[in-house]
Amino acid sequence: MNQSAKLALGDKSAELTLRSGTIGPDVVDIASLYKNTGLFTYDPGFTSTASCESKITYIDGDEGVLLHRGYPIDQLAERGDFLETCYLLLYGELPTASERADFVYHVTRHTMVHEQMSRFYTGFRRDAHPMAVMVGSVGALSAFYHDSTDITDPHQRMVASIRMIAKTPTLAAMAYKYHIGQPFVYPRNDLSYAENFLHMCFAVPCEPYQINPVLAKAMDRIFILHADHEQNASTSTVRLAGSSGANPFACIAAGIACLWGPAHGGANEAALNMLAEIGSKDRIPEFIARAKDKNDPFRLMGFGHRVYKNYDPRAKIMQQTCHEVLNELGIKDDPLLEVAMELEHIALHDEYFIEKKLYPNVDFYSGITLKALGFPTTMFTVLFAVARTVGWIAQWKEMIEDPHQRIGRPRQLYTGAPQRDYLSVGDR
Ligand code: CMC
């Protein structure tokens, strides 16, 4: 029998059903609250609100656990690869050998973008931020692939999903190439997903490009670590946009726009800029003091998380990947890494950070790794968007396929002027 919670207010009361998931806190189902009591709930920032039911990703922020379809992120990152993770997120199970080969084949055969897209790029200024180009170009996919925008057709939904996983790396690499004034490099179907991405970003037509397997593995792992993260701001944006029936390309473009913010995906860029600004270990105390000062808006970028009140499990793997990449490239004394490690050490032992449970998040080490791989800081959030595309798409698909799905329409606590009469301009 379902348990219930009782809410009593004066002579009004409501019996609210408690719902249990497989793991994680129970939820109080308040869907009938307004109908029965005339009350709304108030939860800005959704700190206590489950916005949907989902079977894709589970996070236990207190324990530092992240599971995709039940599998711990460290096992997926150490033993699997990105396309396998994509399959898992989309279909719910790890693929068999033949399912895997079929999926890889389909993603690989969708990596090219409509040739006219390349002319679309020339409309942007060369100095545009590549995230601005991504918002525009991913949104523009809906103008090129009409045959996969009917969201009521399961086949079209799947084609759109595969297209987006396959094409976002191509669009991201094109945004980078356009930014630096180099010719676009077409995808190569004989390469893995991560290898192909590195190739499209760093190859030039005038000489062969050698792919370093250690760096390709690191790229793949970075994609896995960012693939999905439950109902974060950009995923909730995608779900909300999709709830109106908007086409999936437009919804993912909305997710990319949200991800761009420095409190979300933009944090890896901000974290690296911060490490560069700190510059040397002796300046760390000054920045720690600023982070603690209530009157200073400065925050330690790459620290803290809305859900994790423990070490972000992705940060541990990211730190290890960072060391592997620097080792492979023979970077022994990277000043940014030195500052990062010292900063992490000091913050983890500082009363302010301990008390507020502020630990390094995935973005703390990803910036140093991406810089070592050869990406400029402006590309960091773009790489996050490439990886997160599968999470957005899986969550979007789950929502569309949910028979209880309705348009998302939050309510508000209105604190503006009550009704009043219009005054002619001379009477104001
Ligand atoms: N440096 C210093 N103080 C901090 C920090 C920080 N990075 N993060 C939180 N705090 C303090 C904050 O000032 C507040 O103190 P008080 O209670 O005295 O007012 C307390 O900790 C709680 O912070 P909050 O802003 O209420 O927490 P939130 O859950 O709303 O914010 C966050 C989460 C990630 C936006 C925030 O920790 C932050 O701004 N971190 C830096 C940006 C960052 O690294 N973002 C990447 C997140 S992981 C990747 C992703 O999911 O996109």
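**Ligand shell and cysteines**

Trainee: How far is the polar side-chain atom of Lys294 from an oxygen atom of the ligand?

Mentor: A polar side-chain atom of Lys294 sits 2.6 Å from a ligand oxygen atom, a polar contact being a pair of N or O atoms within 3.5 Å. This is a predicted model, where local features need pLDDT of at least 70, side-chain atom pairs count only at pLDDT 80 or more, and totals for chains, interfaces and linings use all residues. Residues are numbered from 1 along each chain as its sequence is written, and side-chain values use heavy atoms, without hydrogens and water.

Trainee: And Lys356 and Tyr352, what do they pair with?

Mentor: Lys356 has a polar side-chain atom 2.9 Å from an oxygen atom of the ligand. For Tyr352, an N or O atom of the side chain is 3.0 Å from a ligand nitrogen atom.

Trainee: How much of the ligand does the protein bury?

Mentor: The protein buries 75% of the 940 Å² that the ligand exposes when taken alone, by the Shrake-Rupley method with a 1.4 Å probe.

Trainee: Which residues come nearest to the ligand?

Mentor: His264, Lys294, Leu300, Gly302 and Arg306, out of 20 around the ligand, each with a heavy atom within 4 Å of it.

Trainee: Changing topic, how many disulfides?

Mentor: The count is 0, with a disulfide taken as two cysteine sulfur atoms within 2.5 Å.

Trainee: Why is Cys258 not in one?

Mentor: Because the closest cysteine sulfur, in Cys251, is 13 Å from the sulfur of Cys258, too far for a bond.

Trainee: Is Cys206 buried or exposed?

Mentor: Cys206 is exposed, at 68% relative accessible area (exposed is over 50%, buried under 20%, partly exposed in between; 1.4 Å probe, protein chains only). Cys258 is partly exposed at 24%.

Methods. Polar contact = N/O pair within 3.5 Å; in protein donor to acceptor, adjacent residues only side chain to side chain.
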